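Student: Before we discuss the ligand site, could you bring up the sequence and the model for me?

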Amino acid sequence: MYDCTIIGCGITGAAAAYLLSHYSLRLLMLEAANDVANGSTKANSAILHAGFDPEPGSLMARANVRGVEMAAEICRRLDVPRLNCGALVLAFSPDDQHTIRELYARGLANGVPGLRLLSAQEARQSEPYLADTVTGALLAPSSSIVDPWEYALAMAETAVKNGLALGLGRAVRRIVRPDSPSGKDYFELTDSQGQSYQSRFVINAAGVHSDQVHAMIGGHNFHIHPVRGQYFLLDKNAGRTCSHTLFQCPTAAGKGVLVSPTVHGNLIIGPDAEAVADPDNTATTAEALEYVRRMALRSLNNIPFGENIRNFAGVRAQSDRPDFIVEASPQSSRFINLAGIKSPGLSAAPALAEMALDLLAQAGLPLKRRSDYDDSRRRTRFRYLTPAQQSELIAADPRYGHVVCRCETITEGEIVAALHGPIPPRSLDAVKRHCNAGSGRCQGSFCGPRIHEIIARELGLPYEAVTQNDAGSYIVTAPTKGTGSKGVTAC
Amino acid sequence: MLKTVKQLRDCYDVLIIGGGPAGLAAARAAWDGGARQVLIIERDSAPGGILNQCIHNGFGLHYFHEELTGPEYAGRCLDELADTEVELLLNTMVLSLDELPQEPGREALGGLLPEPVLATLNPDPLTGHPAHRVFAASPEWGSICLKSRAVILAMGCRERSRGAIRIPGTRPAGVLTAGAAQRYVNLEGWQIGRRVVILGSGDIGLIMARRLTLEGAKVLACVELMPYSSGLRRNLVQCLDDFGIPLLLSHTVTEIRGRRRVTGVTVCQVDTSRQPVAGTEQDFDCDTLLLSVGLLPENELTRAAHIPLDPRTRGAYVYENMETASAGVFACGNVAHVHDLVDYVSEESQRAGQAAAAYARGQGISGRAIPIQHGTGIGYTVPQSIHVDAAGTGQRDPAAAINLFFRVTRPQEHVSIALYDGDSCLKRWPRLRVAPGEMERLQLPPALLHGCGSGSLTLALEHAAPEEAGKND
Ligand SMILES: Cc1cc2nc3c(=O)[nH]c(=O)nc-3n(C[C@H](O)[C@H](O)[C@H](O)COP(=O)(O)OP(=O)(O)OC[C@H]3O[C@@H](n4cnc5c(N)ncnc54)[C@H](O)[C@@H]3O)c2cc1C
Ligand SMILES: Cc1cc2nc3c(=O)[nH]c(=O)nc-3n(C[C@H](O)[C@H](O)[C@H](O)COP(=O)(O)OP(=O)(O)OC[C@H]3O[C@@H](n4cnc5c(N)ncnc54)[C@H](O)[C@@H]3O)c2cc1C
């Protein structure tokens, strides 16, 4: 019997798991994918928004401002890359000038610190490549960027280290409510592998599938209408094209496209907004990418799109309500929905988790703080160490002297450490999220086969069982005829 | 067998980054040129570079005058070093040249990390310049900084991947670069799919079309954006035609389908501006898409060392001795420009090795350097500049011809290559046919350039009357 089960391990579920694991509780988290942070949390703009955008008084406004305040502390404590780079909202017309003044006022109402309206000249001083058509900007110095998957991973890992049971590759398929005819006092959940669990409380953090999960207990008071957004990710050579996150003013034609550095030093450009029928439709299209490209070129004179290393798309869990849904289900006060968590969900996540804890407490979950909580987390990042520190590390473990991912300078030691971490990555894409190997300009075409071998070796998996991403994304089919000449011949 | 490093030296004469055919040939030449402290640093566990996974034959016809496989060619290059004391440091990745490795992203970890500083060095008495510094990581030696009078860049190239060509659709398993597929099949011993479409008709793609077919996979088509192939003609015949694999010229892949593994791709014809033509979509039911869409010289180190790169070759600007704009730093092989034939890599690298040895003993090149302008039809040249009066300076044998490699911008027949000094034509070389996929080479007699007075050389492609355009060499 679990005290609480969290369904879905995106940033929302991970934050809930992290906060809940501070208390003496038996916790379970079930995640459909074979790794954490594999939904919207891995495919977004990675901005910790300052909070000038949401309607004052809304849940979104409160959760955003509180969430980023908590994020600063959590990232520091759990060694998550986060950079306070600031943001500019660019104006190109008198209408836009009006909009940035409105945003400024809204930001003040929401309690956003440091906002300032800049003239075109001031804006250009901080961003030399701004388009000539920029007429002014709103500066939000507290806007930050984060590594979204490491943020989720760090919180989930810490929860696991402190006793949370995590089931990966286990989609919840069926939930039987406590008050149904069975007469039991707990939820009974069954996963895609046929295993059942009993839990007294449930948090639904299933992202774009949260309406389906809610429907499992007969809840139908919200629906998700997924909205896809597409991106370019440019090489680090282009990473200094701008130093702030550059937003455009929302207009009748759309919310505008942003250009931003990432914490890893790349440049990210996107997204558009397009309603899609299938919540898992993360395909990219030529039309949308062209739209993004054109829109982004309004902000900056010259964006080196030739340096593109990857395109991707994420799906927003837009619901039929204007605000985030953070409430107990009408079906059961012990079933908490964290649903419709569209942008700024990444920014708001820990605040949403905090609210979920309140709701759980109100519904009768006893929250007793633990005294033995371990939230130390330090990552070895070879590339950022001084030569002396690197040598010391290599002397202790020579695998840190073997650079496997040449584009990002990730060593075998780091990959092995990730594979033996609290949440071992089991696919090439998961390794990429857990330690950056394969995320660089060659996108794993050089290190892919090498990482494949390390995963198989360290996890004791058959070579052919290592996948690109989720189950079924196999990489190799069968041994070659008479099997290959293992190892290199020359020498 | 090469000497492995027992002890790191204080300062090398010539340090070579990359132990592929380029690095190996450069090392031999540096040794022959009198350098005695020569080190090759290779990140892999064996030397040989990309040749180790090229188990097909077709290597060495020009250089060794026999047909070898890739690993055999690499073996020969190593044999050539047998009687030298060139040292080899394996499993060691060079992280940067002359500057401490700069990894973007450290700011995001909030000032926790100390910022290292690099001291300046005094000029070396022999070369007059401070020694170059090479930073590397090695399981055996740790994080090291090696000094050397001359450095040769021989890092080879990498493949362009999906992002560079922006193919829309899903992002499933089964989309690989041809080189990654080659590694899986030839070195790891695993097949990568059963029904394969290949995008791009570069040589690696062509070679893999044949290799996968021999392994029992069905290669459905090779799709090429341009109206001509970028591969060698012999590979088109031996790898596609011989196996009945269709080559779809002026076509491209416009969509990838499949959530977990590729389930199909859409192929479209393109118009003259290379845009897909609506209504020409063909669906292929396949589980694999191989990308053979070009190679990029691996110049991250070069760029970080602020050595100017030529946007056309994507390699460093080099003089005829393969020296870059940074005195004492040379580049050769695929890192300087992408070669089709390894034989030319070896030859070019010998020149780099010789010149580096001369530099290390204080005989650096000097004098008047003239850039080569590109006339019509010329895609790039290597070298980009020539010291016209350097013959007999210790860098260059007065009788030796100067090699000029170049590529044309599009396939043409019955042309001549013309070299101009200002407005006056120095010489014309006839060619029956030229194509961007086949690198061309000219050997310029030193006397030809000696009087070069205008300060500007131009190479151009001109139409020739059919009878003038004789044979192809
Ligand atoms: C294009 C785009 C840009 C964005 N930009 C920003 C931004 O810059 N800043 C910001 O603050 N926010 C941004 N957001 C919003 C932010 O990304 C999301 O709010 C956040 O990632 C939502 O996290 P989540 O955990 O709720 O959902 P997800 O990350 O989608 O996680 C849900 C998880 O539930 C799992 N799941 C689903 N069904 C089941 C089941 N039946 N059983 C078990 N597990 C299940 C899924 O596999 C998934 O892992 C953006 C979103 C998008 C799409
Ligand atoms: C698939 C394929 C098929 C080919 N087929 C033919 C053919 O049939 N006939 C023919 O003549 N030619 C062929 N070629 C061309 C020929 O193999 C290449 O031109 C030649 O290998 C290039 O030599 P190189 O030394 O410049 O580069 P590489 O062979 O790529 O060697 C570069 C070396 O540098 C090392 N290195 C790179 N960066 C670092 C670093 N930072 N630190 C340490 N070491 C580093 C690499 O590990 C590698 O060993 C083929 C090439 C390929 C890729």
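Student: Which residue of chain A has a backbone N or O atom 3.2 Å from a nitrogen atom of ligand 1?

Tutor: This is a predicted model, in which local features need pLDDT of at least 70 and side-chain atom pairs count only at pLDDT 80 or more, while totals for chains, interfaces and linings use all residues. Residues are numbered from 1 along each chain as its sequence is written, chains are lettered from A and ligands numbered from 1 in the order written, and side-chain values use heavy atoms, with hydrogens and water left out. A polar contact is a pair of N or O atoms within 3.5 Å, and the backbone partner of the ligand 1 nitrogen at 3.2 Å is Ser45(A).

Student: What distance separates a polar side-chain atom of Glu31(A) from an oxygen atom of ligand 1?

Tutor: Glu31(A) is among the closest of the 37 residues that surround ligand 1, where a residue is near if one of its heavy atoms lies within 4 Å. From its polar side-chain atom to the ligand oxygen the distance is 2.5 Å.

Student: Why does ligand 1 lie between two domains of chain A, and which are they?

Tutor: Domain bounds here come from an automatic or database domain assignment. Ligand 1 lies between the two because both give residues to its shell, namely domain 1 (2-40 + 149-224 + 321-362) and domain 2 (87-141 + 225-316).

Key:
A polar contact is a pair of N or O atoms within 3.5 Å; within protein, one must be able to donate a hydrogen and the other to accept it, and residues adjacent in sequence count only if both atoms are side-chain atoms.
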